[in-house]
Each structure stands twice: as structure tokens, then as C-alpha cells.
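Colleague: I would like to go through how charged pairs and internal voids are read from a model. Please take one feature at a time.

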Amino acid sequence: MAISQYIKEIGRGARGAKPLTREQATDLFGQVLDGAASDLEIGAFCLAMRIKGETAEEMCGFLDATHQRLALLPATDRPLIVLPSYNGARKLPVLTPLLALLLAREGLPVLLHGMRTEARRVLASDVLLALDTPALTAPERIANGTVRHIHTQHLHAGLARLLAVREVVGLRNPGHSVVKLMSPCAGPSVVVTAYTHPEYFEMLQTTFRMLGMSALLSRGLEGEVATDPRRTPRYDGFVHGEHTLLDAQQPGTASEVPGLPAEIDIATTAAYTRRVLAGELPTPPAIARQVEHILHLANRTADQAVLETSP
């Protein structure tokens, strides 16, 4: 079916639009990724979905199409920790690089993937480069205790093109949801993801269950997956789709975080990250707690993988 037929279903406004089946969503998104749709059709798709919103069935279909086409990293010894990073810092320093390096210190292989989707923000990948953490130009195996980052273009060029539509229309599209949920790895992984708008919470939980994913879900900070260092959010964990409430949200917001700089530029953020890793400044307790949850999920995911492969 041509993409225009799907647009007729999803493009009838918030009340008249009909949800797609998982199979239809897979076909539609596959055509978008493959370049089979015109720029006008892609724009119509993005705007229609922005008004309608994604269902869990549709999101599963979009992810099915994406995973069928992604350039995958080889399986790692321990579950790969996947950190999507597409927003960057606007008000507070971006702490996703600190989260990644703390996880690597625990012996985990860590992949950060992303690209610029918002102008004038400090990207986690730029901070990692300042910390002498090299970027990959093609998927490769990541060793335990190592952090690597890769531009979305090297995972799938069509997906990067879809994300770039935001620069033209000024609005996010389903591609921005897909990249925060996908796992570009041939072996077990734990996807660390976050939501900003409460209405996405149920859809994301259902998607993780349907796809049998291992993931950590919480409220993010300015769209990044590293937690707000001033708060303790609710944490929901998933191991092969099985849900566990790891932490309930705690009330209150800290007035300050010891050592956290007011500036958000690359050099200042990199210097702060170095000082925390060297023990010169304390690790924000909220970030330390997030590391504990991710490590717990990685261990459970590894145990489950062993059980599934045992005779």
C-alpha cells in the first residue's frame, strides 16, 4: 500500500484519525526509511502523527521497521547499555556523558547514539569528544568498561533524514520517539530512555511489554535520559518485557547540587565531569541511584539470557 493511503487514515484530525495496525505501521515506516515516499508525503505523515499521537501498536510497528534496517553493533559480553541522546542541554549541564562514564566504570559496555535535532544546545557527544572519548564512524563491538558514541547517520541514513525534518517543519515526529526506544545491537541490551510528557507513559510501558524489551524508564531532563540531579523520579524497569517498579517518585527539588556548574558550555561540563569521576566533586545522588538501577537491570538481563540459552 502506498503511503498516501495510510495518510488518509491517520490524517483526519485528532478525533477522526484511525490508528494503524502494527503491520501497517511497519510497512508505512519502512517506506519512509527506504526513501520510497516523497518529501511532501513525509511532511504530511509527520504532521498527521504529531496531531494524532502514536499508539503502542504503531510504535511497535515503527520499531519493527527500524530494527529490520539498522546497522547493528555486534553482541557484547555483558548487555549493552544504550543511551539515546538527541536533545542536549538548554538550562542545566548535560549529564548523559557522566552517566555513561559511571556505567562504564561498573564494567558495562555503553553506547550513546544521537544527532543534533535542536539548534543552540550543548550535545552529549560534544562533551564526550572533549573528554577524549572517540566517536564511531561505523558500528563495531564495544568492550566491557568502554563508552562509545555514534551519529544516527551511521546506524541508518533514512532515519537521520527523518529526524532532520524537524529543522523544516519545526515539530518532532515519530522518528524522535523511535530513536529513544531502538536498540542497535545484535545481542542483549538495556535501553535507558525517558519521557517528558505524561501522556507518553502508558504507551511506552505497553511498547516495552509487547516487544519484550529490557529498559529503564523515567522522567528525563530537557529530553535527555540522564536524570535531573535535583530530583528523585519514578523509575520503571523492564526485563524482557516484564515490568518492575524500581523507585517511586520522591517529592521535592533540591535548591542546589554541590559542584554542579551554572554554565552549560562544553568545556565547563567536561571539566565538571572529570572532577566527579576523579572524586574531587561528589556524584549527584540522583545520578548514582540511576546507575544502580541500570546495573541491576543489566545483571537481570544477563541472567535471563543465560536461562534462555541453557539446554
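**Cavities and salt bridges**

Modeller: Start with a lining: in the largest cavity it has 7 nonpolar, 2 polar and 2 charged residues. Bear in mind that this is a predicted model.

Colleague: What is the volume of the largest cavity, and which residues line it?

Modeller: The space in the largest cavity comes to about 60 Å³. Its lining includes Gly-88, Ala-89, Leu-92 and Pro-93, and also Leu-221, Glu-222, Glu-224 and Ala-226.

Colleague: How many cavities of 30 Å³ or more does a search of the whole structure find?

Modeller: The search gives 2 at that size. The second largest has a volume of about 30 Å³, and its lining consists of Ser-85, Gly-114, Met-115, Arg-116, Leu-123, Ala-124 and Ser-125. By class, that lining splits into 3 nonpolar, 3 polar and 1 charged.

Colleague: Arg-116 is in that lining. Which residue forms a salt bridge with Arg-116?

Modeller: The general idea comes before the case. Side chains of opposite charge can pair when their charged atoms come close. Here the partner of Arg-116 is Asp-126, with 3.8 Å between the closest N and O atoms; the cut-off for a salt bridge is 4 Å. Asp-126 belongs to helix α7 (residues 124-130) and Arg-116 to the loop between β2 (110-114) and α7, so the salt bridge ties together parts 10 residues apart in sequence.

Colleague: Why do Asp-126 and Arg-116 count as partly exposed?

Modeller: The class runs between 20% and 50% relative accessible area. Asp-126 counts as partly exposed because its relative accessibility is 24%, and Arg-116 does so because its value is 34%.

Colleague: Which parts of the chain does the pair of Arg-22 and Asp-64 link?

Modeller: Their side chains meet in a salt bridge at 2.6 Å, N to O. The pair links distant parts of the chain, with Arg-22 in helix α3 (residues 22-34) and Asp-64 in helix α5 (residues 56-69), 42 residues apart. Arg-22 is partly exposed, at 22% relative accessibility, while Asp-64 is buried, at 18%.

Colleague: Are Glu-58 and Lys-52 buried or exposed?

Modeller: Both are buried. Their side chains form a salt bridge too, at 2.8 Å from N to O.

Colleague: How many salt bridges does the count come to?

Modeller: The count is 11.

Notes
Residues numbered from 1 in each chain as written. Predicted model: local features only at pLDDT ≥ 70, side-chain atom pairs only at ≥ 80, totals over all residues. Heavy atoms only, no water. Helix = DSSP H or I, 4+ residues; strand = E, 2+ residues; numbered from the N terminus. Buried < 20%, exposed > 50% of the residue type's maximum accessible area, 1.4 Å probe, protein only. 1 Å grid on protein atoms, 1.4 Å probe; cavity = no way out; pocket = protein on both sides within 12 Å on 5 of 7 lines; lining within 4 Å. Points joined across faces, edges and corners; volume = space filled by probe spheres on them. Nonpolar A, V, L, I, M, F, W, Y, C, P; charged D, E, K, R; others polar.
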